[in-house]
Amino acid sequence: KQRMSLESVAQTVASNDAPNGVWVVAGVEKGKLVLRSQGQGVENLKNALDDGETLYALITLRLTLEGVADQPRRIFMHWKGPNCSGMKKVRAQQKYNDALKILGPQHGTLEVIGKRNFTEPNIGLKW
């Protein structure tokens, strides 16, 4: 089985016909952005965010905007795990702009520092 590249998975998530809740997560390993996981559903994305890591995610939500249903909105997230060391956060921050480019285009960005309010309705409101 061929391993998918971060770029190809991100393109699928960012496509206008991506299903609701499809996502990709990227992390930093040896100074490079790498594919960590992919899936569908906000609950599954929440479970993929490691409390000891700083990660980047892109999710497509299909929202009703100004009365028009099923509008794809791509939301970039910067996850800062509560147990992540300061050094790991600094190293990951250096890849923020690269992550924005690869995990895009996006309609909005969120910084995520906890999971308690990490729900589809909240993400749909806050982006």
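In this predicted model, leucine 63 has glutamine 71 of strand S4 as its bridge partner. The two strands involved, S3 and S4, run antiparallel to each other and are joined over 11 bridges. They form a hairpin with 2 residues between them, and glutamate 66 in the turn adopts a positive phi of about 50 degrees.

On a wider view, the hairpin belongs to an open sheet of 5 strands, ordered S2-S1-S3-S4-S5, with mixed pairing. Strand S2 (32–40) and strand S5 (108–112) each have a single partner strand, so these two stand at the edges and one side of each is left without a neighbour in the sheet. From one strand to the next, the twist averages 25 degrees. Strand S4, spanning residues 68–80, pairs with S5 in the parallel sense over 5 bridges. Phenylalanine 76 is bridged to threonine 109 in S5, and isoleucine 75 stands opposite glycine 108 of S5.

Helices pack against this sheet as well. Helix H1 (residues 6–13) touches strand S1 (22–29), S2, strand S3 (54–65) and S4, and its direction makes about 150 degrees with that of S1. Helix H3 (residues 86–93), in turn, lies across S1, S3 and S4 and runs at about 60 degrees to S3.

Two residues of the sheet invite a closer look. Threonine 54 lies in strand S3 and counts as buried because its relative accessibility is 4%, below the 20% cut-off. Beyond its neighbours within four places in sequence, threonine 54 is in contact with His78, Trp79, Lys80, Cys84, Lys89 and Ala92.

The second residue, arginine 74, is placed in strand S4. Arginine 74 is buried yet has no salt bridge; aspartate 17, the nearest side chain of opposite charge, is 8.2 Å away, whereas a salt bridge would require a separation within 4 Å. What does the side chain of arginine 74 reach at 3.0 Å? It is the backbone oxygen of alanine 14. The side chain of arginine 74 also makes a polar contact of 3.1 Å with the side chain of asparagine 16. Alanine 14 and asparagine 16 recur among the residues that arginine 74 touches, once residues up to four places away in sequence are set aside. That list also includes Val13 and Ser15, along with Leu58, Ile59 and Thr60. Pro105, Gln106, His107 and Gly108 are touched by arginine 74 too.

Notes. Residues numbered from 1 in each chain as written. Predicted model: local features only at pLDDT ≥ 70, side-chain atom pairs only at ≥ 80, totals over all residues. Heavy atoms only, no water. Pairing = 2+ DSSP bridges. Helix = DSSP H or I, 4+ residues; strand = E, 2+ residues; numbered from the N terminus. Axes fitted to C-alpha atoms, helices over the stretch in contact; angles between N-to-C directions. Contact = heavy atoms within 4.5 Å. Buried < 20%, exposed > 50% of the residue type's maximum accessible area, 1.4 Å probe, protein only. Lys, Arg positive; Asp, Glu negative; His and termini not counted. Polar contact = N/O pair within 3.5 Å; in protein donor to acceptor, adjacent residues only side chain to side chain.
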